[in-house]
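Biologist: Could you take me through this two-chain model with its cut-offs spelled out, starting with how the helices pack?

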Amino acid sequence: MTAVTPAPPSTAVRPAPAGAVPPGRPAGRSRLRTLAGFAFGAALLFAVAPLVLSDFRLALLAKYLCVAMVAVGIGIAWGRGGMLTLGQGVFFGLGGYAMAMHLKLAAAGPGGMPDFMQLYGQLDELPLWWRPFASPWFALPATVLLPMAVAFGLGSLVFRRRVRGAYFAILSQALAAAMVILLIGQQGTTGGTNGLTDIKGFFGYDLYDPVNQRMVYFIIAGTLLALLALTRQLIHSRYGELLVAVRDGEERVRFLGYDPASVKLVAYVVAAGMAGLAGALFVPAVGIISPALIGIVPSIEFVIGVAVGGRATLLGPVLGAVAVAWARTALSERFPGTWTYLQGLLFVVVVAFLPGGLASLWALARRRDVAAQPLWRGRLSLGRRRAERTEVPAA
Amino acid sequence: MTVLFGQLFTGISIGAVLLLIALGLALTFGQMNVINMAHGEFIMAGAYTTYVLQQSITGAGLSLVVALPVAFVVAGTMGVLLEVLLIRRLYARPLDTLLVTWGVSLILQQLARDIFGSPNVQTRAPELLTGNVALPGGLTIANNRLFILALALAAVAALTLALRLTPLGRRIRAVVQNRDLAAVSGIATSRVDRTTFFLGSGLAGLAGVALTLLGPIGPTMGTNLIIDAFLVVVVGGIGQLKGSVIVAFALGVLQATGEYLTTLSVAKVIVFVAIVAFLQWRPQGLFTLRTRSLA
């Protein structure tokens, strides 16, 4: 235990020796393909989707893309870092509430109070912690920095003490439960179960105007592409390699002189920031943020999209999240019960039998040697299985 | 003084419910490292078993007595099915069991909705358990709470004795302490796993019967309870029962005290912060099996 391991070095990431193995494929072709991929994605999101889809469907797509942003973060933390976070709803909610509070205050005008506070009638003046959110210069950075700060706080406590695996997953889920109960309990200042509703304006633009809704969609699509570019750089960087190494053999990485806690913390904080940004953009797109959107159940539903798409790939989480959200809308409108069964089955089948997600089917078609192995223990699981085998056996 | 004792007993009765739920988890999570999110739905199954039995057995007292063993077997059988069909394939990937069993719990919830309907249903409590016991000093204790406390303690006692004294218990402890060594000593570990899963899930069924005494039962009743129960096991330390017992009552008292001093919602946050702080001190939980592993 503690006595066995050397003291971790003070710096998180040491420079690797010169001539370290360059990550991934030959740089030139890979970069070209990535650029082509991004151009294709941009064309799809910015040109095809607005032309093909009705205003209603486009607004739905905007909502799905917000979920996809959370999924990108989960892909980093869980797929590349091995930290199953079941509480991303907390960060999504922090971002969403920060944005909604600002929009509510902006709508109420200077010195005004949000409508629901007068409705419940317990307060004579704005609570102290609402006040800074009147300024966009505070509220907008807060949508990202607030979740990151919470993730940093929890993560630095938890990872330093080597709380991990299932313990970490349960703790992150408990965080979501605590947050929701707190929000509902403080109805007078948070809107309780209803959340913050009826958000009509976005920095002076009327959100009921289809043109402005379209603008919100473009902002969301652009942000998602930017996050994907950032993630691509991150996972192909030296840090990205280290993160995968920590996932696959934390003790080995520690013995090599790195500090796994810091490596994991960075991934967790980045994922939280992405979820916060997604929450902030979700509010103008949908017009509401409420505890029902950020609790235990939505938090774990963020994860299923990632699992379906392929947790350790760049695009898998995005495509999986959009596909699951779309299927949910399409099916639950008509047969609400069937969707729940299907969702349950999706969890069971994908996670148990296809841990690499749908992305691994593509790899399966390309590489025949993979096809020879059973799905649940082959290279599709991207090293997870191998890592657990090489770890020093417990007990 | 009365207030103090009142809060203490409220805390203990919250703890008793937690303990009854966490006991099964301590067994499955503790021995097999399986995070069974469907445990909450096994509780639900136990509760609905009571409801179904009351349709044919009119006496509330008798139905409760019958429901206890029946619910144990119903939930236990569901647990064995789950183990044989899914969990057995996933022992090497504990985090993935969490997601898979979550999917199972979604399916079971919807199944309950389709069979019994979405609205909560009510069961009848025996007259014996509806009253209060008056203690000197103006203190009253609800009978149903006392019953649950007794049931929880009886379950702990029975489980402890079974683990200590029976050959099965000896095998279970051997597998917990060193699975590989147990296997080479001739213990059929996979059969022990299945039995353990039956016992753990059966205890969830018992918890479900007990919960019918406290309020209405519904398809999502398990989800709300399961996380607190998991926290009990995490903080108590896996592999042993005594940690879970102590922590269940400690968290119950902390929750009740926090609720009394502040509000329900703030008390939940206090409990969460206390748990994170506690894990700073003992990241492996209150009691741990001594091992030489790094993890």
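Biologist: At what angle do the axes of α2(B) and α8(B) cross?
Modeller: This is a predicted model, in which local features need pLDDT of at least 70, side-chain atom pairs count only at pLDDT 80 or more, and totals for chains, interfaces and linings use all residues. Residues are numbered from 1 along each chain as its sequence is written, while chains are lettered from A and ligands numbered from 1 in the order in which they are written. Helices (H or I, at least four residues) and strands (E, at least two) are DSSP runs numbered from the N terminus, and axes are lines fitted to C-alpha atoms, for helices over the stretch in contact, with angles running from 0 to 180 degrees between N-to-C directions. The axes of α2(B) and helix α8 (residues 189-211) of chain B come within 7 Å, and they cross at roughly 50°.

Biologist: Which orientation class does that angle give α2(B) and α8(B)?
Modeller: Angles under 35 degrees count as roughly parallel, over 145 as roughly antiparallel, 65 to 115 as roughly perpendicular and the rest as oblique. The angle of roughly 50° between the axes of α2(B) and α8(B) therefore makes α2(B) relative to α8(B) oblique.

Biologist: How many charged residues does the contact of α2(B) with α8(B) have?
Modeller: Two residues are in contact if their C-beta atoms, placed from the backbone, lie within 7 Å, and the residues meeting that here include Phe42(B), Gly46(B) and Thr50(B) of α2(B) and Ala204(B), Gly208(B) and Leu211(B) of α8(B). For the classes, Ala, Val, Leu, Ile, Met, Phe, Trp, Tyr, Cys and Pro count as nonpolar, Asp, Glu, Lys and Arg as charged, and the others, Gly among them, as polar. The contact of α2(B) with α8(B) has ten nonpolar and seven polar residues, and of charged residues it has no member.

Biologist: What is the handedness of the crossing where α2(B) passes α3(B)?
Modeller: Helix α2 (residues 39-56) and helix α3 (residues 60-85) of chain B pack at an angle of about 140°, with their axes 8 Å apart, and are therefore oblique to each other. A crossing is left-handed if the near helix is turned anticlockwise from the far one by less than a right angle, and right-handed if clockwise. On that convention the passage of α2(B) across α3(B) is right-handed.

Biologist: How are α3(A) and α5(A) oriented to each other?
Modeller: Among the residues that meet are Phe91(A), Leu94(A) and Ala98(A) in α3(A), and Ala139(A), Leu146(A) and Val150(A) in α5(A); the residues of this contact divide into 13 nonpolar, three polar and no charged. The crossing of α3(A) and α5(A) is right-handed. Their axes come within 9 Å and cross at roughly 165°, and α3(A) and α5(A) are therefore roughly antiparallel.

Biologist: Is Leu86(A) buried or exposed?
Modeller: Leu86(A) sits in the loop between α2 (55-80) and α3 (88-108) of chain A, and its contacts beyond four places in sequence include Ala169(A), Gln173(A) and Val303(A). A residue is buried if 20 or more other C-beta atoms lie within 10 Å of its own, exposed if 12 or fewer, and partly exposed in between, with C-beta atoms placed from the backbone. Because Leu86(A) has 28 C-beta neighbours inside 10 Å, it counts as buried.

Biologist: And which exposure class does Phe116(B) fall into?
Modeller: Phe116(B) lies in helix α4 (residues 94-116) of chain B, and leaving aside neighbours within four places in sequence, Phe116(B) is in contact with Tyr48(B) and Val121(B). Because Phe116(B) has 17 C-beta neighbours inside 10 Å, it counts as partly exposed.

Biologist: How far apart are the end C-alpha atoms of helix α11 (residues 260-286) of chain A?
Modeller: In α11(A), 26 of its 27 residues are buried, and just after α11(A), Gly287(A) takes a positive phi of about 90°. The expected span of a helix is 1.5 Å times one less than its number of residues. For the 27 residues of α11(A) that gives 39 Å, which agrees with an end-to-end C-alpha separation of 38 Å.

Biologist: Which helix gives the largest share of the side of chain A that touches chain B?
Modeller: The contact takes 48 residues from chain A and 42 residues from chain B. Helices each supplying at least two residues of the chain A side include α5 (136-160), α6 (166-185) and α12 (296-309). The largest share of that side, 13 residues, comes from α6(A).
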